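Welcome, and thanks for opening the viewer. Keep the selection panel at hand, and we will go through the model one chain at a time.

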Amino acid sequence: MLTVRGLRKDFGEHAVLRGIDLDVNEGEAVVLIGGSGSGKSTLLRCLNLLEQVTDGVITLDGEDITDPRVDADAVRRRIGVVFQAYNLFPHMSVLHNVALAPRVVGGLSKQQAEERAMQLLDRVGLAAKARDYPDRLSGGQQQRTAIARALANEPRLLLLDEVTSALDPELVGEVLDLIRELKTSGMTIVMATHEMGFARDVADHVCFLDAGVVAESGPPSTVLETPTNPRLQQFLQRILAPGTA
Amino acid sequence: MTVIPPTSAALPELSDVELWRRDFRRRQGRRSALIAALSSVVVLTALVLGVINSPGWPQVHKTFFDVHYGWSVFPAILRGFWLNVRILVVAEILILLVALLIAAMRTVSGPALFPIRALATIYVDFFRGVPLIVLILLIGFGVPNLHVHWLPKSTLVLGTASLVLAYSAYVAEVFRAGIESVHPSQRAAARSLGLSQSKTLRIVVLPQAVRAVLPPLLNDFVGLQKDVGLVSLLGVVDAVQQATILSDSSFNFTPYTIAALLFVALAIPSGRVADRFAARANRRQRAGAVV
């Protein structure tokens with residue numbers, strides 16, 4: 001469904017992505033792991049066309065979305081994104097955050113959009129908070145709202161960028177449970193995360209990004225348990241036993 | 001031992017230390033208030049005595065503060081002032097619209113839109129740079145001399161237009177600061193939902209920008225309230241022009257004092273509204289901290 005070939009992204013003189021190849025099939029969850037600065041976030045931003053690629057090709061459902069003639073807004077509508085810092089709109093209620101996209105870009109009436117938003121909020125367990133403003137919510141609730149907002153366009157693909165990294169440990173579970181449920185319901189997901197246990201559980205495919213390339217990839221059982229790349233071995237050691245390596 | 005549930009409604013008693021601290025703060029608060037009140041009275045008394053005992057005071061009293069004459073010209077000046085208020089309302093609405101447009105033009109991105117950005121920048125540089133008094137004279141006396149039949153010739157319209165041109169340049173910069181204060185991640189979130197650049201600006205960025213700059217915005221409008229008096233330069237019979245006409249015939253400047261008091265009376269409520277918005281913004285950011 002999504003293919004990436006030879007993706008390169010430079011920021012000035014600095015090459016962040018140096019040739020990424022990636023395939024994501026319908027209903028799959030692909031997890032990106034790697035240290036900070038390895039290019040996980042940049043890759044996700046490129047997939048959603050928030051960054052202009054320096055080179056390479058990305059296709060979504062067979063369409064080359066890196067073609068400059070493509071309507072980028074229409075492509076983004078087919079891809080949902082959830083950010084590490086939630087990025088909810090603080091001047092809108094939870095309901096309006098979720099109903100915004102279906103109403104102004106999806107062509108739904110206000111009432112239809114709010115009905116869909118309520119269904120999504122119900123699904124993420126926040127129907128009771130619909131009229132509240134984001135600053136009244138806990139981090140976990142805000143991130144679940146952000147997930148509902150990303151689902152409001154009924155996207156083909158969901159991109160999750162370290163969505164639990166800003167949360168208190170006791171709030172991480174509620175967000176991961178929701179992602180697990182989305183995966184079970186057939187959503188195609190590409191996520192960057194440091195939650196290795198979750199990756200092992202849910203991922204169909206794990207990619208280790210290092211210095212702008214996919215240094216190792218495969219099913220989680222192979223990549224996470226019998227890694228061959230020495231940099232990946234070191235990375236996993238640091239993640240799984242912080243303070244000892 | 002019984003376990004107290006964490007939801008216990010009753011607040012615990014305050015300790016003696018805290019009670020003493022509260023008492024101390026109360027006493028100190030009273031002392032500060034007393035000192036402030038006393039020093040204010042002393043300074044004000046000194047000022048009033050200084051003015052009244054100055055050698056020129058009897059003359060000043062007669063030409064600037066003639067209560068009887070002032071009362072007789074008050075209705076005429078108030079009528080002129082009503083014109084100032086109407087100009088103010090029309091100008092404020094137009095300024096908001098033009099300024100928003102200019103600010104939006106200055107913040108568009110992309111190389112293709114360079115002419116738009118450049119045009120907006122020139123507009124701001126020019127109308128912010130020209131002294132308002134010169135701008136009013138240039139437009140008020142210059143435009144009618146162009147003899148273009150569809151351009152307005154009314155000095156009232158041209159004076160108001162000058163205010164709009166000058167102030168929209170200032171207010172556009174306030175709006176631009178607000179637009180740039182909205183974190184880029186808000187734009188990223190809006191664009192990722194498929195919103196176009198203009199919808200992102202209108203629905204996500206501008207509402208947050210306006211909230212952020214409301215105090216400086218109101219401050220600019222308090223400034224506009226008094227600059228409305230400058231349309232008198234073109235002969236528009238507003239409060240200032242009315243005062244000039246009256247004092248020219250009576251050789252008494254009390255009409256100017258009346259006009260000044262009317263402008264101050266208008267500025268006070270606007271100033272308090274601006275204060276309230278500023279305090280509210282401040283309170284939100286401080287979130288309960290003491291300093």
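What follows is a short tour of a predicted model, chain by chain.

**Stop one: chain A**

Select chain A and colour it by secondary structure: you should find 9 helices and 10 strands. Now turn the chain and look along its principal axes, where the C-alpha trace spans about 55 × 45 × 35 Å. How does the radius of gyration of chain A agree with that of a compact globule? For 245 residues a compact globule would come out near 18 Å, and chain A has 18 Å, so the two agree.

Next, colour chain A by burial. Buried residues account for 45% of its 245 residues. If you draw the contacts with a separation of 6 or more, 63% of them in chain A come from residues 24 or more positions apart.

**Stop two: chain B**

Hide chain A and select chain B. Here the count is 10 helices and 0 strands, and following the sequence you will read the pattern α-α-α-α-α-α-α-α-α-α. Why is chain B described as more spread out than a compact globule? Its radius of gyration is 27 Å, well over the 19 Å that the globule rule gives for 291 residues, and therefore it is more spread out. Rotate to the principal axes and the C-alpha trace of chain B spans about 95 × 70 × 25 Å.

Colour by burial once again: in chain B, 25% of the 291 residues are buried. Finally, show the contacts between residues at least 6 apart in sequence; in chain B, 74% of these join residues at least 24 apart.

Conventions: Residues are numbered from 1 along each chain as its sequence is written. Chains are lettered from A and ligands numbered from 1 in the order in which they are written. This is a predicted model: local features need pLDDT of at least 70, side-chain atom pairs count only at pLDDT 80 or more; totals for chains, interfaces and linings use all residues. Helices (H or I, at least four residues) and strands (E, at least two) are DSSP runs, numbered from the N terminus. The radius of gyration is taken over C-alpha atoms; the globule rule is 2.2 Å times the number of residues to the power 0.38. A residue is buried if 20 or more other C-beta atoms lie within 10 Å of its own, exposed if 12 or fewer, and partly exposed in between; C-beta atoms are placed from the backbone. Two residues are in contact if their C-beta atoms, placed from the backbone, lie within 7 Å.
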